Amino acid sequence: MDLKPDTIYETGLRTFGRISADISHEIKNALAIINENAGLMEDLSALADQGMPVEPQRFRGLAANILKQIGRADDIVKKMNRFAHSTDEAVRQVDLGDTAAFVAALSGRLAAMHRVSLDPVPPDAPVLLTAHLFFLETLLHRCLSFAIRTTEPEKTVRIVTCPTEIGGQVRLCGIGGLPHDAVFPGATEKALAEMLKSRLVTDAAAGEIRLDIPGDVTSSF
Amino acid sequence: MMHILLVDDEKELVATLAERLSMRGIEADWATTGEEALAYAASRTYDLALLDIKMPRMGGLELKKKLHTLHPEMKFIFLTGHGSEEDFVTGASEAGADNYLIKPVNIQTLIAKISKALKEIPHSET
């Protein structure tokens, strides 16, 4: 297959943009809640200034809500920071189970919008590979996005990572409604998988997408 | 007193905003899903609904259509966390560019938009 590097890089850039947009949306929600809680504290303070008694516990509750949302926003920013740094080096040592769980975390908002739950199942021991981290994340995100959109609401997609003889495997299990004709992987996913020297298979009968990755990937670029 | 309905899947956001609006003489019910909002709207009439565009189950645009069927006179303001050009075009086409807000929202701005939207209610119906 012609790898078409421009297409692969464009796919990576689009995935980066998609994930960044979801992250900014989550941060906006946290900020909006902080804004309303702080505004309510201001409102209650103004009432207190006018002589209306306000219970101190009310302020404590609002402050606790603000701290909770700051913690939420901090977690989101940490995810964003980790994702941004995945572009630092082309090829590096990768913990496959940790990477799969991280991509699931990045896909949380998309899953919530489709009312699908994600359940990362880590391996018993770390599965360490030498791979191109950013494009591995890109491919996993595309697989997971397809799984989320295909699965019926209220169902769970399990993300199972395990070691194999050649390296490691990630299986997306419990995907409902997988069509039996080969709509996935598409040309872009196939090109990404080939670049990662991996094998990407959709098993409609089992309701699974399987990605087999060798222990040492040497980038084609 | 005006009655408005706040709908957003972030419960803390709508619950707190409802309390702040009530302090300003605006009676507000809140819901975290479209289905819950429709249940409220089935039992009472609202002057205006503030709807988050992106929600699980039923997004704000779909909810607006259903609420409009129930209460054709109801006004709408859309709320979003995205702030993208695409969202702005979609929201503005549904509610008008003046009735589209991006989170976080200044409450004075929101009240000004609510007041402006409600002035557009045809007085012949009241």
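Q: Hi! Are Phe134(A) and Phe135(A) buried or exposed?
A: Both Phe134(A) and Phe135(A) are buried. Keep in mind that this is a predicted model.

Q: Thanks! What kind of aromatic pair do Phe134(A) and Phe135(A) form?
A: An edge-to-face one, with 5.3 Å centre to centre and 65° between the planes.

Q: Which residues form one aromatic cluster?
A: The cluster consists of Tyr9(A), Phe16(A), Phe83(A), Phe134(A) and Phe135(A).

Q: And how many aromatic pairs are there over all chains?
A: The whole structure has 6 of them. One of these joins Tyr9(A) to Phe135(A), edge-to-face, at 5.3 Å centre to centre and 70° between the planes.

Q: Which parts does that pair tie together?
A: Tyr9(A) sits in helix H1 of chain A and Phe135(A) in helix H5 (residues 133-150) of chain A, so the pair links parts 126 residues apart in sequence.

Q: Is Tyr9(A) buried or exposed?
A: Somewhere in between: Tyr9(A) has 42% relative accessibility, so it counts as partly exposed. Phe135(A), at 2%, counts as buried.

Q: New topic: how many residues does each chain bring to the contact?
A: Chain A brings 27 residues and chain B brings 19. Between them the two chains bury about 2,100 Å², 52% of it on carbon and sulfur atoms.

Q: How many salt bridges are there between chain A and chain B?
A: There are 7. One example pairs the side chains of Glu36(A) and Arg20(B), 3.0 Å from N to O.

Q: Which helices of chain A supply at least two residues of the side that touches chain B?
A: Helices H1 (5-49), H2 (56-85) and H4 (108-113) each do. H1(A) gives the most, with 17 residues.

Methods: Residues numbered from 1 in each chain as written. Chains lettered and ligands numbered in written order. Predicted model: local features only at pLDDT ≥ 70, side-chain atom pairs only at ≥ 80, totals over all residues. Heavy atoms only, no water. Contact = heavy atoms within 4.5 Å. Buried area = accessible area lost by both parts, 1.4 Å probe. Salt bridge = Lys/Arg side-chain N within 4 Å of Asp/Glu carboxyl O. Helix = DSSP H or I, 4+ residues; strand = E, 2+ residues; numbered from the N terminus. Phe/Tyr/Trp six-rings, centres within 6.5 Å; stacked < 30°, edge-to-face > 60°. Buried < 20%, exposed > 50% of the residue type's maximum accessible area, 1.4 Å probe, protein only.
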